[in-house]
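Please look over the sequence and the model below before reading on. The paragraphs after it take up a pocket and then a helix, one step at a time.

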Amino acid sequence: MNTSPSPELSQFAEEVLRGLSATPKHLSSKYFYDDEGSRLFQEIMRLPEYYPTRAELKIFTEQTEKITDAFTNGADAIDLIELGAGDGTKTAVLIEHFLDRGIDFTYSPIDISQEANDALSARFREKFPELRINPHTGDYFKVLDSLKNGSERRKVLMFLGSNIGNFQRDQAVDFFRALRAVMNPNDRLFTGFDMQKDPRVIVNAYDDSQGVTAAFNLNLLRRINNELGANFDVDKFSHYAQYRPVECAARSFLISREKQSVTIDALNRTFEFEQWEPIFMEISQKYTRAMIEELAAESDFEIETEFFDEVNFYTDSLWRPIAF
Ligand SMILES: C[S@@+](CC[C@H](N)C(=O)[O-])C[C@H]1O[C@@H](n2cnc3c(N)ncnc32)[C@H](O)[C@@H]1O
């Protein structure tokens with residue numbers, strides 16, 4: 001019997017090893033989404049405090065026609081490719097409209113979470129039997145090369161949910177440049193950005209009164225227990241969220257409530273935690289319009305069209321590659 005771990009599990013183990021060996025300790029938010037994590041994120045999206053999903057959904061429902069026109073503008077056929085698709089709720093609005101208008105298109109959701117991708121595919125196949133859907137499970141960094149083609153069809157890459165906010169600035173530029181490298185001049189990139197706003201509104205979105213965001217963060221420790229044979233006692237960690245308005249960045253941490261040791265069998269390692277030592281879990285960057293413009297320019301794009309909600313909480317920004 002082959003007992004070697006799958007490449008995904010090895011990558012997870014490697015990243016946990018790197019993160020918990022670093023100072024300060026950190027874990028990657030891309031691993032939040034196992035079955036329970038995906039379920040908890042659905043709950044987060046329904047929380048009264050979590051405005052980003054509602055704001056982006058409003059843009060999709062109220063400006064469907066304009067978004068569709070901007071995507072199709074001059075193109076006969078479109079390949080919609082969604083990076084980190086999650087449950088695809090917002091995209092479903094667009095897909096329904098595309099189908100109603102008889103647009104020639106395919107839809108390729110890419111997500112690192114098998115659970116999220118399976119659930120999305122099953123739901124979309126039932127809801128839209130005529131949809132041409134090609135789901136792909138994997139890290140979007142690893143599938144980029146497969147997107148490179150000389151096809152005449154316009155690719156529209158979608159990166160919604162302000163997922164870009166989970167990257168540090170340099171990583172965001174590297175990511176956009178990597179996307180730019182697989183795009184043809186006629187392709188487009190459509191990214192959701194959460195805008196700078198009242199700091200209290202922002203911090204509450206990451207520290208809700210029902211403790212769902214806390215459970216979502218703590219679930220990553222449970223996932224490490226389940227998949228890597230660790231012995232985290234999750235009751236000995238608490239969730240802490242902060243927003244720094246000067247940097248426009250929300251950050252979340254898990255704080256070790258006491259001095260403790262945690263062993264991870266798959267790594268054959270024990271990690272020491274001091275009392276009140278933080279594990280940095282996630283950054284959620286917020287943006288001004290100037291920051292978005294700078295990011296586009298630095299990554300060799302220009303902004304073609306922007307779609308804001310009525311209170312400017314959120315924007316979906318359509319970019320075209322600048323010709324080299
Ligand atoms: C915050 S959710 C947002 C989902 C969706 N885009 C939305 O707007 O509702 C992030 C999604 O990205 C996926 N994800 C995170 N990092 C990823 C990576 N490196 N490669 C592929 N998918 C990733 C997660 O599994 C999750 O489903």
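What follows describes the second largest pocket and then helix α2.

The model is a predicted one, and the values given here were computed from it. A good place to begin is the second largest pocket, which holds about 440 Å³ of space. Its lining is made up of 20 residues, and those closest to the centre of the pocket are E8, L9, Y31, I112 and R223. By character, the lining residues divide into eight charged, six polar and six nonpolar.

Where in the chain does the lining of this pocket come from? At least two residues are supplied by each of three helices, namely α1 (7-21), α6 (114-127) and α10 (212-228), and α1 gives the largest share, with five residues. Seen by domain, the lining takes at least three residues from domain 1 (9-49 + 201-285) and at least three from domain 2 (51-197 + 288-321).

The second element to follow is helix α2, which covers residues 35-46 and so has twelve residues. From its first C-alpha to its last, α2 reaches 17 Å, which is close to the 16 Å expected at 1.5 Å a residue. Which residues of α2 are buried? They are G37, S38, L40, I44 and M45, and because these buried residues fall within an arc of 160° when seen down the axis of α2, they line one face of the helix. An α-helix has 3.6 residues a turn, so residues three or four places apart point the same way. On the other side of α2, by contrast, D35 and R46 are exposed.

Key
Residues are numbered from 1 along each chain as its sequence is written. This is a predicted model: local features need pLDDT of at least 70, side-chain atom pairs count only at pLDDT 80 or more; totals for chains, interfaces and linings use all residues. Side-chain values use heavy atoms; hydrogens and water are left out. On a 1 Å grid over the protein atoms alone, a cavity is a set of points where a 1.4 Å probe fits but cannot get out, and a pocket is an open set with protein on both sides within 12 Å along at least five of seven lines; lining residues have an atom within 4 Å of a point. Grid points are joined across faces, edges and corners, and a volume is the space filled by probe spheres set on the points. Helices (H or I, at least four residues) and strands (E, at least two) are DSSP runs, numbered from the N terminus. Ala, Val, Leu, Ile, Met, Phe, Trp, Tyr, Cys and Pro count as nonpolar, Asp, Glu, Lys and Arg as charged, and the others, Gly among them, as polar. Domain bounds come from an automatic or database domain assignment. The expected span of a helix is 1.5 Å times one less than its number of residues. Buried means under 20% relative accessible area, exposed over 50%, partly exposed in between (1.4 Å probe, protein chains only). The arc is that of the directions from the helix axis to the C-beta atoms.
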